[in-house]
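Biologist: Could you pull the model up and let me quiz you on the labels you use?

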Amino acid sequence: MIKTDGKPSGNAAAGRTGAAIEVRGLRKSFGDHVVLAGIDLSVPAGTVFALLGPNGAGKTTMVRILATLSAADAGEVAIAGHDIVRDPLAVRSVIGVTGQFSAIDAYLSAEENLLLMADLWHLPRRAGRQRSAELLELFDLAGVGPRPAFTFSGGMQRRLDLAMTLIGAPRVIFLDEPTTGLDPRGRRTMWELIRRLVRTEAVTIFLTTQYLEEADQLAGLVAVLDHGAVVAQGTAAELKRRIPGGHALLTFTSASALEAAARQFGDRASRNDEALTLQVASDDSARSVQDLLAGIDVDAVRHVALHTPDLDDVFLTLTGQTGKEQS
Amino acid sequence: MTVKVYPLRDTSTMLRRNIKQELRDKVAIGAIIGIPVLFLLLFVYVFGGALKDSVRSASTPAYIDYVLPGLIIMTAAAGLIGISTQASVDMTAGIIDRFRTMAIFRPSILIARIAASALQTLVAMVAVFVIAFALGFRSDAGLMRWLGAAGLLAFVTVSLACLGLAFGLAAKTVASASNGPFPLVVLPLVGSGIVPTSTMPAGLRYFAEYQPFSPMINTLRGLLLGTPIGWSWLIALAWCGGLGLLGLIWSVSVFNRRDRQRGTPGPGFSAAAAG
């Protein structure tokens, strides 16, 4: 028959480190195609971790393995101290997963979907009803009434999906591209909900995204996944420090003005005679900008653009996918 | 850590979910009742006048009495399409993965699906009987023979549900899960359902007599109308047992295989799931 029980785990690898998610040497291939080429990760309890990568980098495969949906070829994973192979049932009893596609029952109403989850989490009836009512309120679904979920908009389905993941109060939550396909407003709403979750409940969140801004907005720690390997790991600020610093881009009204300014800045600047621009190393503080402009004739400057490195730069630098590929 | 498993509670939760789905899917229940009723009307009123002479020798008083058992069995086959479709909707949508990431009694997903489908099909059979009575069907069966018929139909229904579950779990798309088993619905027609097999040409007659639905139809007809059953009951039970077991083993193996090896969804899957 179908296997439902896992043997009680003898040793808890991650128990001693206090990490909510501990991944060592994780590998997975589909045929000849290597999807995960030896991943090591550690996510401290109570933090938000973002796995950032382009389509096909292996993000979903990673989540499926961590959530006990798919088996790895090699490596060890412990979730809240439970080994995913030896004790999958214990892992399942502490996790919640919201995937890329809405995992809702389209025939049931929002409330029925939540109560279904409450029953499957084996919550007492009254607690389930109470928690369901709270989540409907929190996720702005209290007014949708008895209509079935297939009539919902994409954003509503996502919110219901996340609410269903939360009803059993899981300690570790996996969010696989939670805002892919949402419009900007839906994305902002989702971010706000995730932030609130981190503030109010002591949960660990493992998030995958291809949106650099999303990782920057939500996560404490970011790992960049490319072709099945983690190419960088750290806080968003740490990652930004790893790439060339910020600069100001000055556009001049004439070649002579450019010439004069270039002499002034010397080594600090690199010039582009065709575009009449000068790129000068600088950060985005008001003091730096004042210093920058103090030595030159501001009437000869058509405009000033400031650029601080963001995760886009990090991503492009680390994965070698520069603007060249788009052009 | 030992996590407590709740087999009964999870199965009843899943059963409630599946029954709610069935009650809301008016098209499906309409088709399961509608298909046999449509054939009933077709055979009784359109072809019945011409066909009734062919069944005189089968010692049945009216043609509707002769065709009804075959159409009741057809209801079970229509129910098979129902469960196949429902199982496929579950497997191709995200909800099955949600269930798999929860600490639940996993067989409850399959057990509840079979039970809910069997209930739906049995209710549909009662509806077809009621309509047939309204159209003039009569049976001289006593309580024991009716109970026998009910038992037979319950067994037929559950076995075909198991087979339909396997079709649905194995199907790549919902469309193939709902269209693939359709030949099974008309299979009772190519058997002893509509006319006696003795009227058919030799090769076809051989197929019609030995295909799985004919012994089920002959047994049901015997119970309802008192026609001879012979060994049909045993052959029918053997077919049901065999098909049911095959469906069950196939279902569990597909369910567990997907469990461990489903890879990253390709572009086709993404498009289907997002649409």
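Here is a short back-and-forth on chain B and its surroundings in this predicted model.

Biologist: Why is B:Asp97 called buried?

Modeller: Its relative accessible area is 12%, and buried means under 20%, so the label fits. Its place is in helix α4 of chain B, residues 95-100.

Biologist: What makes the pair B:Asp97 and A:Arg64 a polar contact?

Modeller: Their side chains are joined at 2.9 Å, and the cut-off for N or O atoms is within 3.5 Å, so the pair counts.

Biologist: Which residues touch the most other members in the largest nonpolar core?

Modeller: That core has 66 residues, and the ones you want are A:Leu160, A:Ile205 and B:Phe99. Leaving out residues up to four places away in sequence, B:Phe99 touches A:Leu116, A:Met117 and A:Leu120, plus B:Met14, B:Arg17, B:Ile104 and B:Ile109. There's also a second, separate core of 47 residues, with B:Ile72, B:Leu80, B:Leu160 and B:Leu220 among them.

Biologist: What does the secondary structure of chain B come to?

Modeller: Chain B has 12 helices and 0 strands.

Biologist: And why is chain B called as compact as a globular protein of its length?

Modeller: The radius of gyration is 20 Å, and the globule rule gives 19 Å for 275 residues; those are close, so the description holds. The C-alpha trace spans about 70 × 40 × 35 Å along its principal axes.

Biologist: How much of chain B is buried?

Modeller: Buried residues make up 51% of its 275 residues. As for the surface, chain B exposes about 11700 Å², with carbon and sulfur atoms supplying 73% of it.

How values were computed. Residues numbered from 1 in each chain as written. Chains lettered and ligands numbered in written order. Predicted model: local features only at pLDDT ≥ 70, side-chain atom pairs only at ≥ 80, totals over all residues. Heavy atoms only, no water. Helix = DSSP H or I, 4+ residues; strand = E, 2+ residues; numbered from the N terminus. Buried < 20%, exposed > 50% of the residue type's maximum accessible area, 1.4 Å probe, protein only. Polar contact = N/O pair within 3.5 Å; in protein donor to acceptor, adjacent residues only side chain to side chain. Core = buried A, V, L, I, M, F, W, Y, C linked by side-chain atoms within 4.5 Å. Contact = heavy atoms within 4.5 Å. Rg over C-alpha atoms; globule rule 2.2 N^0.38 Å. Areas by Shrake-Rupley, 256 points an atom, 1.4 Å probe, with all protein chains shown as cover.
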